[in-house]
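Got the viewer open? Let's walk through this one together, starting with the whole chain and then zooming in.

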Amino acid sequence: VLPLRFERTLRVDDGALHIAYRVENVGESEAPYAWSAHPLFSVDEGDAIVLPASVKKVSVEGSAGERLGAKGSVINWPVAELRNGERAELSITGNISDNTGDKLYTAAPHEGWAEIERRRAGLRIRVGFDPELSPWLGLWLCYGGWPEGQVNRQQCVALEPCTAPGDSLAEALEKGWARVLAPRQSAFWRMTIAVSEIS
């Protein structure tokens, strides 16, 4: 649909997966784009989502049953107040029987990382990124809330460095979040995924 050439280069080095991205406008006019990583990590109940202490608020893109509020609501991280007045520890993963699914965004922490601690497995997964190039961080917290129905429901977390805090290019254009490439112009960014033992 868009006159864009997209390249992704994967390299394993020093125990980490290094991912380099390049997008080029091969057309004859300006081309807008927005990008988001979407690495889904399986989790067990009680695992931890660890963000730098600088992250104190997140915005709601979507929340099953609007339990965290409507799209655009700003809530506290890591402990949020639900619409029913209860509190939810968002940094602790739930169970597939919870039937929840929440998509959240925050400005990318300047520290340039987000982690999942797989406590039962004794492993830490760190997603690293350059916040200058990927200025937003998306969080997909799904504990049985997607897809709807009883088959193949997800119990996962995605840590998503991205260029815009939303899932729609049309919305990114409307709100001024979209990136624009001139003809023959390219853009570059990168991400790493590293696994280590929890000490």
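The radius of gyration here is taken over C-alpha atoms, and the globule rule is 2.2 Å times the number of residues to the power 0.38. Select the whole protein chain first: with 199 residues, a compact globule would have a radius of gyration near 16 Å, and the chain has 18 Å, which agrees. Its C-alpha atoms fill a box of roughly 55 × 40 × 35 Å along the principal axes.

A word on ground rules: this is a predicted model, where local features need pLDDT of at least 70 and side-chain atom pairs count only at pLDDT 80 or more, while totals for chains, interfaces and linings use all residues. Residues are numbered from 1 along each chain as its sequence is written, and side-chain values use heavy atoms, with hydrogens and water left out.

Now colour by secondary structure. You get one helix and 16 strands (DSSP runs numbered from the N terminus: helices are H or I, at least four residues; strands are E, at least two).

Next, pick out the open sheet of six strands, ordered β4-β14-β13-β10-β6-β7 with antiparallel pairing (strands pair if DSSP finds at least two bridges between them). β4 (40-42) and β7 (74-76) stand at the edges with a single partner strand each, so one side of each has no neighbour in the sheet.

Zoom in on residues 100-107 and 136-143: these are β10 and β13, antiparallel over eight bridges. Which residue of β13 stands opposite Thr100? Select Tyr143 and you have it.

Finally, colour by burial: 45% of the 199 residues count as buried (under 20% relative accessible area, 1.4 Å probe, protein chains only).

Methods. Buried means under 20% relative accessible area, exposed over 50%, partly exposed in between (1.4 Å probe, protein chains only).
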